[in-house]
Amino acid sequence: VQLQASGGGLVQAGGSLRLSCAASGRAFSSLVMGWFRQAPGKEREFVAVITWSGNSAYIVDSLKGRFTISRDNAKNTMYLQMNSLKPEDTAVYYCAADQTYSGSSPGYRYWGQGTLVTVSS
């Protein structure tokens, strides 16, 4: 499975971005997909996960209400809509995939290269 994350950039606090993760190499609709992020000097942290069907999704409590995860199996793409961005959301955002539902990095075998999100104050 190859994953390509995109959509990062520089945005002012309060702004929005939508990240995309395009998948290829395996039936996308069979994969559980997740988002992680890693801020400068910090460990990678789990952000969100969505099941293969898209019927079930989870966002970490601290981001609920601002971030939304979704997927379009017809386009082999997963999304992370980020609203009301804060400077503390600044990080490299990674998409990941596997066949099991997980909220931790070891649960994913396939990773994208990351896309940088910078939120200015």
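How many bridges join β7 to strand β8? Select residues 77-82, which make up β8, together with β7: six bridges join the two strands, and they run antiparallel. The model on screen is a predicted one.

**The open sheet**

Stay with this pair and pick Ile69. Its bridge partner in β8 is Leu80. Now extend the selection to the sheet around the pair. It is an open sheet of four strands in the order β1-β3-β8-β7, with antiparallel pairing. At its edges are β1 (2-6) and β7 (67-72), each of which pairs on one side only. Neighbouring strands of this sheet are turned against each other by 15 degrees on average, direction ignored.

**The loop after β7**

Next, select Asn73, which is found in the loop between β7 and β8. Show its side chain: there is a polar contact with the side chain of Arg71, at 2.8 Å. Asn73 counts as partly exposed because its relative accessible area is 25%. Leaving aside neighbours within four places in sequence, the residues in contact with Asn73 are Phe28, Ser29 and Trp52. Add Ser30 to the view. Ser30 and Asn73 are 43 residues apart along the chain, and their C-alpha atoms are separated by 9.4 Å.

**The nonpolar core**

Colour the largest nonpolar core, a group of 37 residues. Those with the most contacts inside this core are Met33, Trp35, Phe67, Met78, Leu80, Met82 and Tyr93. Leu80 is thus the residue to revisit here, being also the bridge partner of Ile69. The elements that give two or more residues to the core are β1, β3 (17-24), β4 (32-38), β5 (45-50), β7, β8, β9 (91-98) and β11 (115-120).

Centre on Met82 and list what surrounds this residue. Leaving aside its neighbours within four places in sequence, Met82 is in contact with Gly15, Ser16, Leu17, Leu19, Arg66, Phe67, Tyr93 and Val117. Among these contacts, Phe67 and Tyr93 are also on the list of core residues with the most contacts.

**Strand β11**

Move to Leu116, which lies in strand β11. With neighbours within four places in sequence left aside, Leu116 is in contact with Gly8, Gly9, Ala91 and Val92. For a long-range pair, select Leu10 as well: Leu10 and Leu116 are 106 residues apart in sequence and 8.4 Å apart in space, C-alpha to C-alpha.

**Salt bridges**

The whole structure holds five salt bridges. One of them joins Asp61 and Lys64, with the closest N and O atoms 3.0 Å apart. Asp61 counts as exposed, at 55% relative accessibility, and Lys64 is partly exposed, with a relative accessible area of 45%.

Then select Arg66 and Asp89. Their side chains meet in a salt bridge, 2.7 Å from N to O. Arg66 lies in the loop between β6 (57-59) and β7, and Asp89 in the loop between β8 and β9, so this pair ties together parts that are 23 residues apart in sequence. Both Arg66 and Asp89 are buried. Arg37, Glu45, Arg66 and Asp89 are joined into one network by salt bridges that share partners.

Finish on the other named pair in that network. Is Arg37 buried or exposed? Arg37 is buried, with a relative accessible area of 9%, whereas Glu45 is partly exposed, at 37%. The two form a salt bridge in which the closest N and O atoms are 2.5 Å apart.

How values were computed. Residues are numbered from 1 along each chain as its sequence is written. This is a predicted model: local features need pLDDT of at least 70, side-chain atom pairs count only at pLDDT 80 or more; totals for chains, interfaces and linings use all residues. Side-chain values use heavy atoms; hydrogens and water are left out. Two strands pair if DSSP finds at least two bridges between them. Axes are lines fitted to C-alpha atoms, for helices over the stretch in contact, and angles run from 0 to 180 degrees between N-to-C directions. A nonpolar core is a set of buried Ala, Val, Leu, Ile, Met, Phe, Trp, Tyr and Cys residues joined through side-chain atoms within 4.5 Å. Buried means under 20% relative accessible area, exposed over 50%, partly exposed in between (1.4 Å probe, protein chains only). Contact means heavy atoms within 4.5 Å. A polar contact is a pair of N or O atoms within 3.5 Å; within protein, one must be able to donate a hydrogen and the other to accept it, and residues adjacent in sequence count only if both atoms are side-chain atoms. A salt bridge is a side-chain nitrogen of Lys or Arg within 4 Å of a carboxyl oxygen of Asp or Glu.
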